[in-house]
Number of protein chains: 2
Amino acid sequence: MATIQDVAKRAGVSVATVSRVLNHSLSVREDTRKKVQVAIKDLNYQPNLLGRNLRRSETKMILVLLPTISNTFYVKIVKGIEEVGLRNGYNIMLCDTDSDKQREEVYLDLLKNKLIDGAIFMATELSKEELSEIGRYFPMIQCCEYKEGAEVSYISIDNFAAAYKAVQHLIELGHQRIGMISGTNHCISTFQREAGYKKALEDAGIAFDDALILKGEYGFKSGFRAAKQFLHRDKRPTAIFAMSDMMAIGAMKAIKERGLQIPDDMAVVGFDNIRFSTMVEPQLTTISQPQYDIGCIAMDLLLKQMKGELKEPQHIFVEHELIIRKSTFK
Amino acid sequence: MATIQDVAKRAGVSVATVSRVLNHSLSVREDTRKKVQVAIKDLNYQPNLLGRNLRRSETKMILVLLPTISNTFYVKIVKGIEEVGLRNGYNIMLCDTDSDKQREEVYLDLLKNKLIDGAIFMATELSKEELSEIGRYFPMIQCCEYKEGAEVSYISIDNFAAAYKAVQHLIELGHQRIGMISGTNHCISTFQREAGYKKALEDAGIAFDDALILKGEYGFKSGFRAAKQFLHRDKRPTAIFAMSDMMAIGAMKAIKERGLQIPDDMAVVGFDNIRFSTMVEPQLTTISQPQYDIGCIAMDLLLKQMKGELKEPQHIFVEHELIIRKSTFK
DNA sequence: TTGTATGCGTTATCAC
DNA sequence: GTGATAACGCATACAA
């Protein structure tokens with residue numbers, strides 16, 4: 001492997017000049033630049049960025065921590081992050097933490113060890129104290145899920161308002177007994193969506209019934225099982241609000257197997273607006289988030305923080321949308 | 001940020017000794033080690049790995065290039081890669097190439113610039129010449145998809161044999177007119193599966209009919225559309241072999257909408273054995289691959305190559321399995 | 001415009 | 001068992 005020295009020798013200039021050519025410095029005479037470029041080509045020279053990184057103390061690499069890569073919800077967010085990142089000369093790398101704190105810590109060491117310049121968390125098992133501690137020294141952003149009270153910027157939709165709107169929609173359609181398929185995890189979105197559900201009931205003067213909240217794991221099977229439980233009851237709910245489209249779709253299967261009609265016998269609302277939500281029969285009413293924009297904003301925030309332009313942690317909320325389809329209203 | 005120098009000063013030893021402690025060298029007296037460890041703790045010292053990387057000329061980072069992160073097929077493969085990688089001290093990073101050659105090249109520069117030690121391709125837009133060229137100088141492995149003739153090791157199932165087995169299964173059930181929903185891409189798996197389909201027909205003495213192969217984009221909608229085309233024909237096929245489960249599931253929807261029974265009126269076989277294939281009615285007959293093992297083997301190969309233990313490119317094929325469910329046989 | 005010299009933080013070789 | 005010191009490849013302040 002040729003080094004910058006070899007190129008300098010071959011071009012008959014100093015390494016400094018080669019470096020200037022590599023970094024597009026203006027103060028290089030055109031014919032010198034040519035000579036260097038020829039030498040670079042001749043030697044098939046590739047700069048060893050380990051040297052540059054050490055010298056500049058940056059790697060131009062950003063890490064995105066995903067709790068899982070099997071969730072298609074993240075696809076567009078990552079696209080947004082990449083778009084803004086690449087445009088600013090950063091490489092985006094993803095890693096799959098599997099919601100495992102130890103795995104997260106392994107990847108966070110890359111940040112502490114200066115191997116990456118910044119990180120974006122899609123979710124984390126770290127406590128708000130741990131986050132604040134790392135966030136004090138290293139650039140990082142929380143995206144979609146976040147820890148309340150951690151001194152780390154975040155961007156998200158308002159999950160409380162989104163859930164409120166979904167439940168309000170069902171109430172306006174005349175539903176009084178609304179089952180919720182919530183989540184077992186401890187993410188803030190889960191907490192806030194449950195709160196939004198309760199508030200919507202309260203504002204409509206409907207008494208809250210603990211038995212109407214079941215918990216699932218966000219997948220098809222969870223939704224199927226939970227709906228079955230609802231269906232077995234004497235006074236079954238007339239509508240279900242699921243915290244993910246996959247659970248909503250699982251619920252729809254259970255309802256249809258029972259021989260009931262959607263939305264007449266039971267209405268269903270999901271969350272996420274995944275592609276599949278338009279492929280089921282009837283199409284699913286759901287909440288959509290501007291994932292691509294969220295990704296762009298997250299990366300923007302991170303860039304600002306790396307430049308030191310962020311004095312205080314920022315808390316940004318973006319708009320969501322209730323998409324009404326045939327699963328609630330014909 | 002404290003450096004190794006600061007630690008040395010505080011512990012009253014030389015940087016060499018600190019380095020020895022950091023790298024678990026045996027030749028350090030126990031009390032010296034203690035002193036150093038105390039200093040490290042006091043200063044909250046984190047080694048800056050940019051220095052180590054430059055010195056050792058390695059980063060202990062591996063890149064996995066995915067054509068898309070929205071395909072759940074890759075999840076278990078990545079898990080296998082991570083398992084073996086982490087166990088050997090390597091960090092696994094993923095990147096989403098979006099099947100874009102330019103994006104691939106951006107990430108490949110990381111390899112050329114020594115920022116990562118090796119790469120695993122799940123698919124690539126590079127030509128076999130380009131692959132061979134890079135593979136000559138840098139450690140890389142092809143996984144599942146590969147370029148025939150490229151001098152780069154690969155691991156895959158035998159797609160020809162898998163398709164042959166699937167079609168043979170349909171033939172044994174008495175089907176003579178078997179439609180295939182193939183892919184529009186130029187991956188070798190597509191080519192080989194079509195070849196396996198044709199060979200199975202040929203061996204059974206069934207004449208090949210060009211009109212029985214339609215092309216799709218691997219998703220639900222493609223399968224739905226292709227099946228609709230088949231259904232509109234006077235002599236429609238009695239079975240469909242789709243090159244992905246998502247297309248097979250799309251096809252099933254079209255068949256059911258037409259009021260036909262699966263498998264009686266039309267049998268369906270998929271490919272991939274995704275989770276969803278057991279959630280549809282009837283459950284889908286499909287080909288399963290040992291994804292986790294494939295990932296482990298890919299990483300093993302890469303490790304060997306990085307150690308210089310691979311003289312020749314290796315071509316490894318692992319077993320696949322035809323999983324027979326209700327979509328072909330009651 | 002170009003060259004010289006220094007240092008980024010670490011590891012590893014060689015003395016002692 | 002430990003310390004001094006020379007690399008690793010590059011960017012940049014300063015001098016020319």
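## DNA-facing surfaces, chain contact and strand pairing

The residues of the surface near DNA strand D divide into 11 nonpolar, 9 polar and 6 charged. This is a predicted model, and every value below is computed from it. Around DNA strand D there are 26 residues, of which A:Ile4, A:Gly51, B:Ser14, B:Ala16 and B:Thr32 come nearest. The elements giving two or more residues to this surface are H2 and H4 of chain A and H2 and H4 of chain B.

DNA strand C has 25 residues around it, and the nearest are A:Ala16, A:Thr32, B:Ile4, B:Ser19 and B:Gly51. At least two residues each of the surface near DNA strand C are supplied by helix H2 (15–22) and helix H4 (49–56) of chain A and by helix H2 (15–22) and helix H4 (49–56) of chain B. H4(B) has the largest share there, 5 residues.

The contact between the two protein chains involves 28 residues of chain A and 29 residues of chain B. On the side of chain A that touches chain B, the elements with two or more residues are H4, helix H5 (74–87), E2 and helix H6 (101–112) of chain A. E2(A) gives the most, with 6 residues. The table sets out the residue classes of this side and of the two surfaces near DNA.

| Surface | Nonpolar | Polar | Charged |
|---|---|---|---|
| Near DNA strand C | 11 residues | 9 residues | 5 residues |
| Near DNA strand D | 11 residues | 9 residues | 6 residues |
| Side of chain A that touches chain B | 15 residues | 9 residues | 4 residues |

**Helix H5 and strand E2 of chain B**

Helix H5 of chain B covers residues 74–87, 14 residues in number; at 1.5 Å a residue these should span 20 Å, and the end C-alpha atoms are 20 Å apart, which agrees. The expected value uses 1.5 Å times one less than the number of residues. Its buried residues are B:Tyr74, B:Ile77, B:Val78, B:Gly80, B:Ile81, B:Glu82, B:Val84 and B:Gly85. An α-helix has 3.6 residues a turn, so residues three or four places apart point the same way. The cover over the buried residues of H5(B) includes strand E2 (91–96) of chain A, and from chain B it includes strand E1 (61–66), strand E2 (91–96), strand E3 (118–121), strand E4 (140–143) and helix H12 (291–306). After H5(B) comes B:Gly89, with a positive phi near 80°.

E2(B) is mostly covered, with 6 of its 6 residues buried. B:Asn91, B:Met93 and B:Cys95 point one way from this strand, while B:Ile92, B:Leu94 and B:Asp96 point the other way. Its pairing with E1(B) is parallel and has 6 bridges. One of the bridge partners is B:Asp96 in E2(B), which stands opposite B:Leu66. Between E1(B) and E2(B) the chain passes through H5(B), in a β-α-β crossover that is right-handed.

**Strand E4 of chain A**

In strand E4 (residues 140–143) of chain A, A:Met140 and A:Gln142 point one way and A:Ile141 and A:Cys143 the other, and all are buried. Strand E3 (residues 118–121) of chain A runs parallel to E4(A) and is joined to it by 3 bridges. A:Ala119 is opposite A:Met140. The path from E3(A) to E4(A) goes through helix H7 (residues 128–137) of chain A, and this β-α-β crossover is right-handed. E4(A) is also joined, by 2 bridges and in parallel, to strand E5 (residues 154–157) of chain A. Here A:Gln142 stands opposite A:Tyr154 in E5(A).

**Two single residues**

A:Ala11 lies in helix H1 (residues 4–11) of chain A. It counts as buried because 22 C-beta neighbours are inside 10 Å, and 20 or more are needed for that class. Leaving aside neighbours within four places in sequence, A:Ala11 is in contact with A:Val18, A:Lys35, A:Val36 and A:Ala39. A:Tyr164 is 153 residues from A:Ala11 along the chain, and their C-alpha atoms are separated by 68 Å.

B:Gly259 is in the loop between helix H11 (245–257) and strand E9 (267–269) of chain B. It is exposed because 7 other C-beta atoms lie within 10 Å, and the limit for exposed is 12 or fewer. From B:Gly259 to B:Asn113 the separation is 146 residues in sequence and 59 Å in space, C-alpha to C-alpha.

Notes: Residues numbered from 1 in each chain as written. Chains lettered and ligands numbered in written order. Predicted model: local features only at pLDDT ≥ 70, side-chain atom pairs only at ≥ 80, totals over all residues. Near = placed C-beta within 6 Å. Helix = DSSP H or I, 4+ residues; strand = E, 2+ residues; numbered from the N terminus. Nonpolar A, V, L, I, M, F, W, Y, C, P; charged D, E, K, R; others polar. Contact = placed C-beta atoms within 7 Å. Pairing = 2+ DSSP bridges. Right-handed = clockwise from strand over helix to strand, strands pointing away.
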